[in-house]
Amino acid sequence: MHLNINEANKIFRKSIIKGFFEPSLVNLDFKKSPVKHPAIGDDGLMQSDLLHVFFDLETGSDYPDGDEWFIVELLFPHDVKLPDSLIGTDYFTTLSVEEGKTYWHHRELIRYKYGKTKKLVDALEFLESKYKELHGLLEPLQKDLK
């Protein structure tokens, strides 16, 4: 059986995520998220109900270097209005869910390999710092959530 690049990259990405990123995040006090992502079938992880981490295996898996990176999706699964200061590509954009509801998400490219050099720990540290940064921005909204 011969895999095309798209299938091979998805398998490789999934093994890196399941074998390194998810266990490493669990060691950083993340736990399985009860939230289902509207577009990503796999379970996510969270430290609190404010922000959930999902791994997008699909986007860019057809690229020749698709085995060196993936997209992480940080999901704020609350249908509330965010302050304008938190809206935009550096922070959060809308994500439509069912029945006119809107969640907020931030997508970040995580590069964990440069040619033959793996940078897994650097990529994990970047992901953790991005999570902390965005989580900190959302904390003032916590009191307004149901």
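**View 1. Phe-55 and its neighbours in this predicted model.** Start with Phe-55 and look at what surrounds this side chain. Leaving aside residues up to four places away in sequence, Phe-55 touches Ile-17, Phe-21, Glu-22, Leu-25, Ile-40, Phe-70, Ile-71, Val-72 and Leu-127. Phe-55 also belongs to an aromatic cluster, together with Phe-20, Phe-21, Phe-70 and Tyr-112.

**View 2. The largest nonpolar core.** Zoom out a little and you'll find 32 residues in this core. Which of them have the most contacts inside it? They are Phe-21, Phe-55, Phe-76 and Leu-138. Helix 1, helix 2 and strands 2, 3, 4 and 6 each chip in with at least two residues. Helix 2 gives the largest share, with 7 residues. Apart from this core lies another one, made of 7 residues, and Ile-40, Phe-54, Leu-75 and Tyr-103 are among them.

**View 3. Phe-20 meets Phe-21.** There are 9 aromatic pairs to hunt for in the model, and here's one of them. The rings of Phe-20 and Phe-21 sit 5.0 Å apart, centre to centre, with 85 degrees between their planes. That angle is over 60 degrees, so the pair counts as edge-to-face. Is Phe-21 buried or exposed? Phe-21 is buried, because its relative accessible area is 0%, which is under the 20% cut-off.

**View 4. Trp-69 and its company.** Tyr-63 and Trp-69 make another edge-to-face pair, 6.0 Å centre to centre and with 75 degrees between the planes. These two partners get their labels from their accessible areas: Trp-69 is buried, at 7%, whereas Tyr-63 is partly exposed, at 47%. Now look over the face of Trp-69: Arg-13 lies there, 4.7 Å from the ring centre.

**View 5. The open sheet.** Here 6 strands line up in the order 1-2-3-4-6-5, and their pairing is antiparallel. At the edges you'll see strand 1 (31-32) and strand 5 (93-96), each pairing on one side only. Follow strand 2 (residues 45-48) and strand 3 (residues 51-56), which are joined over 3 bridges. In this stretch, Ser-48 stands opposite Leu-51 of strand 3.

**View 6. Two helices packed on the sheet.** Helix 1 (residues 5-27) touches strands 2, 3, 4 (69-76) and 6 (102-111), and its direction makes about 160 degrees with that of strand 3. Helix 2 (residues 120-138) touches strands 2, 3, 4 and 6. What angle does the direction of helix 2 make with that of strand 6? About 155 degrees.

Technical notes
Residues numbered from 1 in each chain as written. Predicted model: local features only at pLDDT ≥ 70, side-chain atom pairs only at ≥ 80, totals over all residues. Heavy atoms only, no water. Pairing = 2+ DSSP bridges. Helix = DSSP H or I, 4+ residues; strand = E, 2+ residues; numbered from the N terminus. Contact = heavy atoms within 4.5 Å. Axes fitted to C-alpha atoms, helices over the stretch in contact; angles between N-to-C directions. Phe/Tyr/Trp six-rings, centres within 6.5 Å; stacked < 30°, edge-to-face > 60°. Buried < 20%, exposed > 50% of the residue type's maximum accessible area, 1.4 Å probe, protein only. Lys NZ or Arg CZ within 6 Å of the ring centre and 35° of its normal. Core = buried A, V, L, I, M, F, W, Y, C linked by side-chain atoms within 4.5 Å.
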